[in-house]
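Subject: Structure handover

Hello,

Here is the structure I promised to pass on. Please open it first, then read my notes below.

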Amino acid sequence: GTADYNLVGTDGLSGVSYCEYKEGAGPWVTFASAFQIPTSGSHDLSYRCVDNAGNVGATSLVRVITDTLPPETISDLVVSASTYNSATLEWTAPGNDGSGSTVRSASYDVRYSTSPITDDTSFDSAFTVFNVPAPKPVGETESLEVLGLDPSTLYYFVVKTKDEAPNTSLLSNVPSIVTSAGFAVNPGDI
């Protein structure tokens with residue numbers, strides 16, 4: 001949740017007197033060679049150094065992410081509807097920094113397979129669902145239709161959540177369904 005940053009500046013003529021930084025639009029804070037950001041999250045930092053003659057160097061800007069907490073693990077993933085070639089998944093949008101967080105997560109990684117998804121190895125080999133929308137605010141219901149499934153087939157589904165760091169949640173619960181048989185195609189239907 002915290003991070004230390006070290007800057008080294010050089011000036012061959014008069015030497016570096018001090019350096020300073022600011023977070024976002026905040027005030028400039030002087031430091032010798034290191035400073036600390038005490039809160040986790042995403043920070044826009046500006047920094048610059050001043051030499052012994054009082055000349056101010058160029059200001060640099062960097063986005064720093066100090067976050068070691070993974071998003072909350074989804075535990076209420078369900079298949080709310082299915083057809084012969086699709087399944088609709090629903091779950092509650094989790095918090096970015098574990099249980100109780102009110103910060104929105106950054107993205108979802110949704111996968112499906114015809115074999116049980118039990119760990120990271122089976123997750124990595126499962127089919128990826130593309131065009132997954134960005135997470136909603138924490139606590140809202142997410143809904144996603146997975147298309148292109150085969151009729152009369154057993155499928156398992158799972159979701160992982162990512163934050164901006166990117167930390168990744170554990171595997172969600174793993175619901176399964178058998179798609180319906182589909183439609184009979186008779187001569188003359190096509």
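Start at Val159. Val159 is buried, with a relative accessible area of 0%. Please keep in mind that this is a predicted model. Val159 sits in strand E12. Setting aside neighbours within four places in sequence, Val159 is in contact with Ile74, Leu77, Trp91, Tyr108, Asp109, Val110, Leu170, Leu171 and Ser172. One pair to display is Val159 and Ser75. Their C-alpha atoms are 9.6 Å apart, with the two positions 84 residues apart along the chain.

Next, the cores.

The largest nonpolar core has 18 residues. Leu89, Trp91, Val110 and Phe157 have the most contacts inside it. Four strands each supply at least two residues of this core: E8 (86–92), E9 (107–113), E11 (141–147) and E12 (154–162). A second, separate core has seven residues, among them Cys19, Tyr21, Phe35 and Val64. As background, nonpolar side chains tend to be buried together in soluble globular proteins.

Trp91 deserves its own view. Residues up to four places away in sequence are again left out. Trp91 then touches Ile74, Asp76, Leu77, Tyr108, Val110, Glu140, Thr141, Glu142, Leu144 and Val159. Two of these contacts, Asp76 and Glu142, may be worth labelling on screen.

Leu144 is on that contact list too. Leu144 lies in strand E11. Is Leu144 buried or exposed? At 8% relative accessibility, Leu144 counts as buried. That follows because buried means under 20% relative accessible area. Beyond four places in sequence, Leu144 touches Ala87, Thr88, Leu89, Trp91, Val110, Val129, Val132 and Pro133. The C-alpha atoms of Leu144 and Thr88 are separated by 5.6 Å, and the two residues are 56 apart along the chain.

Now the empty space.

How many cavities of 30 Å³ or more are there? The count comes to one. The largest cavity has a volume of about 30 Å³. Which residues line the largest cavity? They are Trp91, Tyr108, Val132, Pro133, Ala134, Glu142, Ser143 and Leu144. By class, that lining has six nonpolar residues, one polar and one charged. E11 gives the largest share of the lining, with three residues. Trp91 and Leu144 therefore come up twice here: both line the cavity, and they touch each other.

On to the disulfide.

The structure holds one disulfide. Cys19 and Cys49 form it, with their sulfur atoms 2.0 Å apart. The link of Cys19 and Cys49 is right-handed, with 90 degrees about the S-S bond. What does the pair tie together? Cys19 lies in strand E2 (residues 16–23) and Cys49 in strand E5 (residues 41–51), so the link joins parts that are 30 residues apart in sequence. Cys19 is buried, at a relative accessible area of 2%.

Val29 goes with Cys19. Val29 is in strand E3 (residues 29–31). Val29 counts as partly exposed, at 34% relative accessibility. Leaving out residues up to four places away in sequence, Val29 touches Cys19, Glu20 and Tyr21. Val29 and Cys19 are ten residues apart in sequence, and their C-alpha atoms are 8.4 Å apart in space.

Last, the loops.

Two residues other than glycine have a positive phi that you may want to inspect. Asn131 has phi near 60 degrees. Asn131 is found in the loop between strand E10 (127–128) and E11. At 76% relative accessibility, Asn131 counts as exposed. Ser152 has phi near 50 degrees. Ser152 is placed in the loop between E11 and E12. At 48% relative accessibility, Ser152 counts as partly exposed.

Thr68 is in the loop between strand E6 (60–66) and strand E7 (78–82). Thr68 counts as exposed, at 57% relative accessibility. Thr68 and Gly41 are 27 residues apart along the chain, and their C-alpha atoms are separated by 9.1 Å.

That is the handover. Over to you.

Best regards

Technical notes:
Residues are numbered from 1 along each chain as its sequence is written. This is a predicted model: local features need pLDDT of at least 70, side-chain atom pairs count only at pLDDT 80 or more; totals for chains, interfaces and linings use all residues. Side-chain values use heavy atoms; hydrogens and water are left out. A nonpolar core is a set of buried Ala, Val, Leu, Ile, Met, Phe, Trp, Tyr and Cys residues joined through side-chain atoms within 4.5 Å. Buried means under 20% relative accessible area, exposed over 50%, partly exposed in between (1.4 Å probe, protein chains only). Contact means heavy atoms within 4.5 Å. A disulfide is a pair of cysteine sulfur atoms within 2.5 Å. On a 1 Å grid over the protein atoms alone, a cavity is a set of points where a 1.4 Å probe fits but cannot get out, and a pocket is an open set with protein on both sides within 12 Å along at least five of seven lines; lining residues have an atom within 4 Å of a point. Grid points are joined across faces, edges and corners, and a volume is the space filled by probe spheres set on the points. Ala, Val, Leu, Ile, Met, Phe, Trp, Tyr, Cys and Pro count as nonpolar, Asp, Glu, Lys and Arg as charged, and the others, Gly among them, as polar.
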